[in-house]
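Colleague: I'm new to this one. Could you walk me through how to read it?

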Amino acid sequence: MRPFVTLKLATSLDGRIATAAGESRWITGAAARAEVHRLRAAHDAILVGAETALADDPELTARTDPAPATQPLRIVLDSRLRLSPTSRLARTVGLGPVLVLGATDADPARAAALEAAGVAVARVSRTPHGVDLPAALAHLSGTAGVRRLFVEGGGHVAASFLTLDAVDALEWFRAPMVLGGAGRPAIAALPEGPLAAAPRFARRSVEAVGPDLWERYERER
Ligand SMILES: NC(=O)c1ccc[n+]([C@@H]2O[C@H](COP(=O)([O-])OP(=O)(O)OC[C@H]3O[C@@H](n4cnc5c(N)ncnc54)[C@H](OP(=O)(O)O)[C@@H]3O)[C@@H](O)[C@H]2O)c1
């Protein structure tokens, strides 16, 4: 059992989520970002990778009007527990819970510092890419009771979910700009395979949101 997983991407026309230096604010416009807040509010939990948490210092709350009755659980995949106890996530635990999924071999002192800041820490086994994703998803659907998970990147986390064939829907916001090949790819490398094995999605809708395009897809299995 795993949660229903929606992967959200905010990209340039050429599928980049940040400049080579990691700058990503903002690729899409205010209207698209407002839709993302509504999507966040419709999920039990929001998940990002450690690099996104460190580069962007995001809050990851659902800022809708009116505000949601409860904030989704905010999750960071962070095998080494690099998230700072003074990060925006840690400083806003009063708004809603934050969970860091680290590896079993992560420094206990880092776990203690996060827990002292009010951040929950859970540990699963380590893999070459970070934490073991099936184990992390089992923890989320079991102990944490997450049924609908909203994954907001970055590219390495997106690739891990796709490699596991654990992306059920895509919310793809595409801005009318080009970042070029040195920009960070929306999806990092996937295991090599024939074209026929590439994951395919069925488009459910396309909508203009301000200057951007919002494409919604579901996995074809
Ligand atoms: N435009 C957008 O929509 C958008 C959205 C998000 C991010 N971004 C941008 O994307 C950039 C960061 O993306 P990124 O691809 O470099 O990093 P990322 O996917 O955010 O984070 C990758 C890191 O997460 C940790 N991790 C733990 N378990 C993992 C697993 N099973 N699979 C994958 N990662 C795991 C690893 O660090 P440890 O080894 O330390 O655990 C890994 O290095 C930033 O510049 C950010 O601004 C843009």
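Colleague: Let's start small: what is the place of Arg40?

Modeller: First, a caution: this is a predicted model, where local features need pLDDT of at least 70, side-chain atom pairs count only at pLDDT 80 or more, and totals for chains, interfaces and linings use all residues. Residues are numbered from 1 along each chain as its sequence is written. Helices (H or I, at least four residues) and strands (E, at least two) are DSSP runs, numbered from the N terminus. Arg40 sits in helix α1, residues 30-41.

Colleague: Does Arg40 count as buried or exposed?

Modeller: A residue is buried if 20 or more other C-beta atoms lie within 10 Å of its own, exposed if 12 or fewer, and partly exposed in between, with C-beta atoms placed from the backbone. Arg40 counts as buried because it has 22 C-beta neighbours inside 10 Å. Across the 221 residues of the protein, 41% count as buried.

Colleague: Which residues does Arg40 touch?

Modeller: Contact means C-beta atoms, placed from the backbone, within 7 Å. Leaving out residues up to four places away in sequence, Arg40 touches Ile46, Ala62, Pro72 and Phe150.

Colleague: And the ligand: how many residues surround it?

Modeller: Being near a molecule means having the C-beta atom, placed from the backbone, within 6 Å of it. Here 32 residues surround the ligand, and Gly49, Glu51, Gly130, Gly153 and Gly154 are the closest. The largest share of that shell, 5 residues, comes from α2.

Colleague: How many helices and strands are there in the protein?

Modeller: You'll find 6 helices and 13 strands.

Note on methods. Two residues are in contact if their C-beta atoms, placed from the backbone, lie within 7 Å.
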